[in-house]
Amino acid sequence: QVQVVESGGGLVPAGGSLRLSCAASGRTLSTFAMGWFRQAPGKEREFVAAISRSASSTRYADSVKDRVTISRDNAKNTLYLQMNSLKSEDTAVYFCAIRSGGGPYYVPTGVADFGSWGQGTQVTVSS
């Protein structure tokens, strides 16, 4: 069974950048579609970005589009989320998620689409 661990969160001023990483162990990531979600206090977990198994297809939430980039390095078994121009409303715990199955270009976006989750990494943007 694959396990994922997020890292790279922290405190950053508004307008700053962060790169989150999600390292996997147990199985090669090339067999999974992967995604990033976030959850702010008192709010539901929401979709941020996702990438297909082949890495050729990506999708982004409208709230982060043009500010974040999702990528994966299957050789390193790692998923990334580059976040730029951060805003206070980006403050949340960010979770990495993986999904087995689906075609090489399939990009899941719903919480229920993913089967395994990391513990999350806190991102705090100060205004």
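Does D90 count as buried or exposed, and at what relative accessibility?

1. In this predicted model, D90 counts as buried, with a relative accessibility of 2%. The residue takes part in a salt bridge with R38, in which the N-to-O distance is 2.9 Å. This contact links distant parts of the chain, since R38 belongs to strand β4 (residues 32–39) while D90 sits in the loop between β8 (78–83) and β9 (92–100), the two residues being 52 residues apart.

2. D90 also forms a salt bridge with R67, where the closest N and O atoms are 2.8 Å apart. Because R67 is placed in the loop between β6 (58–60) and β7 (68–73) and D90 in the loop between β8 and β9, this pair ties together parts that are 23 residues apart in sequence. D90 and R67 are both buried.

3. R38 forms a salt bridge with E46 as well, and the closest N and O atoms of this pair are 2.6 Å apart. The two partners fall into separate accessibility classes: R38 is buried, at a relative accessible area of 6%, whereas E46 is partly exposed, at 35%.

4. Taken together, the count comes to three salt bridges, for which the cut-off is a side-chain nitrogen of Lys or Arg within 4 Å of a carboxyl oxygen of Asp or Glu. As for how these contacts are connected, R38, E46, R67 and D90 are joined into one network by salt bridges that share partners.

Conventions. Residues are numbered from 1 along each chain as its sequence is written. This is a predicted model: local features need pLDDT of at least 70, side-chain atom pairs count only at pLDDT 80 or more; totals for chains, interfaces and linings use all residues. Side-chain values use heavy atoms; hydrogens and water are left out. Buried means under 20% relative accessible area, exposed over 50%, partly exposed in between (1.4 Å probe, protein chains only). Helices (H or I, at least four residues) and strands (E, at least two) are DSSP runs, numbered from the N terminus.
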